[in-house]
Amino acid sequence: MKYVPLISSGTAGPLGVLHLPRLWLKVSLEARGVLADGYPGAGQGYDQMVIDGLGLDRDAVLSYIAGEKPTYPQFEAWVKSQPGVKLDAASVEALNASITGYNHADEVRQSILSADGLPDDASAPKDAINLNNLDDWHEFHAAVLK
């Protein structure tokens, strides 16, 4: 069985960094060969934003998660121990603002809404967090609940 990563990008762990728990989950699932098709373990969107925003080395993050198979608290402890990591309040606030403020391109938004039969009108979400949640729930429903 392959798993749709159902931790939202809008979720933060104890460090207060949005999307970090989702990044850990996706890379963990990919390392075990059980990440749902179509999902990157660490893509170039939010995943890379978090890696860059925290001042982490991408290869080190992927290697640590794949090799050590840490729990989420162990992963956060590792993040805190990395040289040059940016976990001060201003850096975390700026990173979180970039995550909450990101909107998908029109065609991505329209595709996600259309898949769920939702209108692309004034009431539709515009932000990537809520659109990605809808996409995850749609994929989970198709894979498990249908």
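This is a short talk on the aromatic pairs and one histidine in the structure above.

Hi everyone. Just so we're on the same page, this is a predicted model.

Let's start with the rings. The structure holds 5 aromatic pairs, and I'll walk you through two of them. Tyr 46 and Tyr 102 meet edge-to-face, with 5.9 Å centre to centre and 70° between the planes. This pair links distant parts of the chain: Tyr 46 sits in helix H2, Tyr 102 in the loop between H5 and H6, and 56 residues separate them. How exposed are the two partners? Tyr 46 has a relative accessible area of 8%, so it counts as buried, since the cut-off is under 20%. Tyr 102, at 40%, is partly exposed.

Now for the other pair. Phe 75 and Trp 78 are stacked, at 6.1 Å centre to centre and 15° between the planes. Both belong to helix H4, 3 residues apart, or about one turn of the helix. Phe 75 is buried at 0% relative accessible area, and Trp 78 is buried too, at 15%. These two also join Trp 24, Tyr 64 and Tyr 72 in one aromatic cluster.

Last stop: His 104, found in the loop between helix H5 and helix H6. Is His 104 buried or exposed? It is buried, with a relative accessible area of 18%. And which side chain does the side chain of His 104 make a polar contact with? That is Asn 132, at 2.7 Å. Leaving aside neighbours within four places in sequence, the contacts of His 104 include Arg 109, Ile 112 and Leu 131.

Thanks for listening, everyone!

Key: Residues numbered from 1 in each chain as written. Predicted model: local features only at pLDDT ≥ 70, side-chain atom pairs only at ≥ 80, totals over all residues. Heavy atoms only, no water. Helix = DSSP H or I, 4+ residues; strand = E, 2+ residues; numbered from the N terminus. Buried < 20%, exposed > 50% of the residue type's maximum accessible area, 1.4 Å probe, protein only. Polar contact = N/O pair within 3.5 Å; in protein donor to acceptor, adjacent residues only side chain to side chain. Contact = heavy atoms within 4.5 Å. Phe/Tyr/Trp six-rings, centres within 6.5 Å; stacked < 30°, edge-to-face > 60°.
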